[in-house]
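Me: I should like to learn how to read the features of a structure. Could you guide me through one?

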Amino acid sequence: MNLSSTGSLSGQDRLFSEGLMMRFLTVLACLVFWCAGSLFGAIANAGVNKNKEALLLHVPSPDWRDQIVYFLMIDRFADGDPTNNDQGANVYDPAKESHYSGGDLKGVVQQLDYIQNLGATAVWTTPHVAHQWWDPLVNYTGYHGYWARNFKQVDEHYGELNDYQTLSSELHKRDMYLIQDVVVNHTGNYFSYPDDYDASNVQRHVQRNKNSLPTTAPTQFPFSQNDPTNPAHLSANIFNWTPDIADFSDPRQETTFQTAGLDDLNTQNPVVRDALKESFGFWIKQAGVDAVRIDTAKYVEKKFYEDFLHGPNGLNQIAKSTGRKDFLSFGEIFNTSNPLKDNGEMKLKEYVSNAHQKRLSSAIGFPLYKEISRVFAGGAPTAYLSYRLNAQMQHFSNPYLVSNFIDNHDVERFLASGNIDGFKQAYALMMTVPGIPTIYQGDEQSFRHSRQAMFAGGYLTDVDQFNQQSEMYKFIQKMANIRKAHKVFSRGSLQIIQDNSAGAGVLVYRREYQGKSAYVLFNTAKQPVLLNGLTTEYVNYDGSHSAQLLLSHNLPNGLNVDENGQVTTVLPAQSFAIFGGDSGKPIKSNQEGSDFSVNDLQPEYLDQSEAFITGTSRFKSAQLLRVIDGKVGQAKTFNTDSNGGWKVEIPVSDLGKHKRTIELYSEKHNKASTLLSYISQFSNIQDSGERLDPKGDDHGLSGRYTRPLEQSFGCQMDMLKAEAKAAGSVLEIALDMCDVSTLWSPANGFDHVSFNIFFSLNAKQKLGLHGKANGAKQALPIIGGVFPDNKKWDLAHVAFGWGNYLYLSTNADVNQEGDKPGLAPDIRVDKKNNRIHFTYLGNNLGINDWSKVSIYITTWDKSGEGNYRDLSPSNDIWSFGGATSTAPKILDDLMIQLQPVKE
């Protein structure tokens with residue numbers, strides 16, 4: 001068989017706006033809803049906008065499993081009303097990431113066709129509430145909306161209550177839903193303890209943010225009681241009078257100290273809890289909010305959510321009074337997991353409802369987000385994703401409500417490190433696994449900057465980006481339509497069928513729901529790989545068990561399923577296919593592997609420079625391929641003799657310990673052996689280099705740079721020693737640092753340092769990397785400066801707390817990084833000894849040895865969103881000082897030259 005491409009309920013509330021009829025209907029509605037405990041919901045749905053048009057605010061809850069969310073930043077999405085851009089506080093400047101760009105609620109309403117046509121069924125916006133506009137202590141505006149000053153007002157930059165009601169109504173009229181982003185952990189930054197802190201006397205050393213705009217304190221009671229030097233405010237105990245978190249592993253600090261200087265609410269105080277319930281219940285009643293995303297959820301005690309959501313007058317009860325029986329709540333618990341570990345899931349599940357506790361409906365899937373990046377942008381083993389998907393299914397009582405995502409406003413974009421093929425694979429996975437897919441604005445336009453505006457004149461945007469014919473828009477649209485048309489993807493079971501534990505390559509999973517099944521298969525490698533004996537239930541050609549190819553990428557000829565329901569084929573680089581049909585019982589072929597026999601394969605090879613295996617095949621005097629780790633693109637060709645006998649070498653001399661797989665494959669007959677495995681361990685170093693670097697020299701190339709003033713910056717960017725060693729295709733670099741910190745819980749195990757590592761290759765290595773011997777560059781992209789000693793670089797590596805990727809010199813210049821191969825080195829951190837290790841697998845790059853390579857290593861710092869921190873003549877809390885903005889962003893640097901090790 002050849003596989004080739006091929007209503008929710010809504011309310012009908014109406015309102016007469018004038019005269020006796022209006023009063024009569026209002027009274028009648030009040031009586032009806034009072035009997036049902038729904039007085040406030042009725043009043044809210046009877047609201048009138050300025051144009052006296054009927055508003056549709058309250059509709060029944062959808063089945064959230066089937067929804068697709070579009071997440072947008074109000075200030076960066078669309079400018080529907082330019083008159084509200086500049087509020088006279090000198091905080092509007094679209095040229096700066098730190099300032100307002102001008103997006104508003106009217107702009108969101110104007111672009112609902114764009115969002116709906118993409119395939120989204122719900123809209124989640126950043127907070128729309130009135131907030132702190134300018135924090136002079138960090139030189140940053142609150143354009144993002146998370147620094148509240150009044151939880152019950154719309155911010156003046158975004159519009160008015162009527163605009164938010166209109167957004168809700170227009171969504172509901174389209175059978176779409178509104179998700180509000182709420183903050184229960186903190187307000188804006190109005191007081192702090194920047195120096196000393198005395199827990200026994202919190203009035204001492206407190207610093208008031210006297211130049212904050214537009215106010216110096218929240219304007220909403222009781223949150224306006226935020227001055228500990230005022231006895232009435234102090235006794236009200238609305239805030240935790242605490243400094244910034246210094247130790248994120250301390251549960252007390254995590255839930256009661258400030259995060260990034262934001263005033264921490266005392267959520268154990270019943271007055272605070274009631275005020276928060278009333279504040280966010282207001283938006284459900286008055287604006288028809290259908291769900292909430294809870295910001296910084298892990299910085300609030302877990303039991304808070306039992307009351308906030310499920311207690312008397314909690315959000316669920318308020319929502320139910322408006323006809324919403326399934327009010328969704330999902331929280332931001334920013335914890336990822338280590339590969340093949342479930343530490344992130346264990347943290348997230350503490351906040352989510354189960355049979356024993358009533359808390360959040362769900363959480364944002366940060367562990368899966370990180371694994372998607374590792375595998376599709378970094379070339380990590382696909383077995384990592386298998387483990388992660390199974391962990392998500394295992395640890396959450398309802399994994400179908402986990403909010404899955406690829407990009408958001410707090411992390412570096414996928415395309416900053418990965419390539420477009422990997423991006424499409426990431427979206428194909430997100431749209432076909434359990435959980436609610438979340439599209440972040442700009443993904444559909446292939447954005448590379450986290451907070452780039454969508455509208456002309458906004459941050460980093462000269463022209464409108466609402467192109468419904470762009471490549472990624474049309475691709476996401478197709479994926480969304482497939483998910484909505486086939487409930488097997490939003491509701492079905494999940495079974496992992498094949499993966500690769502050695503590296504990038506095959507990943508296959510099966511979904512099943514109500515008599516329908518689907519298979520999703522990927523090749524994540526940057527070269528062809530062997531899909532060996534995938535067994536399906538799609539056996540016959542008569543239609544009883546036939547399958548339809550729903551979508552494929554980089555697979556021009558589709559897939560062939562043989563008479564046993566099996567698929568054996570070579571998958572092109574970074575390809576995928578989605579196909580499905582009627583479910584049945586997969587049939588196991590009795591012929592699997594009988595075409596080949598293998599002898600002499602040992603389970604482990606220790607410090608052997610070479611090794612061979614032998615065997616026989618029924619294909620006599622034939623050409624075969626020896627495939628290691630599924631990589632057909634690097635397969636070794638060999639021949640059988642007239643009796644079918646053969647002998648072939650296997651790789652055993654790459655530095656370190658490696659678990660390998662091996663298959664034999666006949667392209668002519670499309671037959672493969674069973675999958676075999678072995679372990680190679682090699683410690684004999686062939687090339688090495690070492691460089692000591694003085695302590696305290698982290699002051700830039702000029703020696704005059706100064707670090708940012710924020711107290712968590714120390715000597716994390718100061719390198720003391722670098723060691724490099726290589727054997728075979730593997731290179732290891734170890735960096736001894738002055739300090740390794742993890743204050744901000746970085747996914748990669750270190751923060752407050754970003755590394756830019758540049759490699760100058762020899763002619764043979766260049767040929768393997770580029771397919772040609774030139775293309776090297778001297779200028780260093782984005783950070784500035786040049787490769788030392790008049791040499792040129794061919795390959796670069798960027799690593800910081802939340803990002804890790806390689807790029808080539810091809811298409812690189814001073815303003816942009818080069819082509820992304822979609823690969824990332826392995827990172828290992830020894831925090832006890834302040835050592836960071838990077839491991840480079842050269843065979844993924846076409847580099848089989850690292851002899852005589854020159855390595856230039858530089859340090860600086862990046863924000864979590866992936867932006868290099870600014871440089872100016874004078875430093876401030878988050879910016880470096882000591883030079884103009886165009887000077888090289890290099891705080892410390894050193895050079896290593898690899899040389900052969902003498903025997």
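Reply: The turns below take up burial, polar contacts and nonpolar cores. This is a predicted model, in which local features need pLDDT of at least 70, side-chain atom pairs count only at pLDDT 80 or more, and totals for chains, interfaces and linings use all residues. Residues are numbered from 1 along each chain as its sequence is written, and side-chain values use heavy atoms, with hydrogens and water left out.

Me: Is Lys862 buried or exposed?

Reply: Buried means under 20% relative accessible area, exposed over 50%, and partly exposed in between (1.4 Å probe, protein chains only). Lys862 counts as buried because its relative accessibility is 3%.

Me: With which side chain does the side chain of Lys862 make a polar contact?

Reply: A polar contact is a pair of N or O atoms within 3.5 Å; within protein, one must be able to donate a hydrogen and the other to accept it, and residues adjacent in sequence count only if both atoms are side-chain atoms. Here the partner is the side chain of Glu412, at 3.3 Å.

Me: Which side chain is joined to that of Asn209 by a polar contact?

Reply: The side chain of Asp135 is joined to that of Asn209, at 2.9 Å. Asn209 is also buried, with 2% relative accessibility.

Me: How many residues form the largest nonpolar core?

Reply: A nonpolar core is a set of buried Ala, Val, Leu, Ile, Met, Phe, Trp, Tyr and Cys residues joined through side-chain atoms within 4.5 Å. The largest has 111 residues, and Tyr70 and Tyr427 are among those that touch the most other members. A second, separate core of 57 residues includes Phe755 and Leu891.
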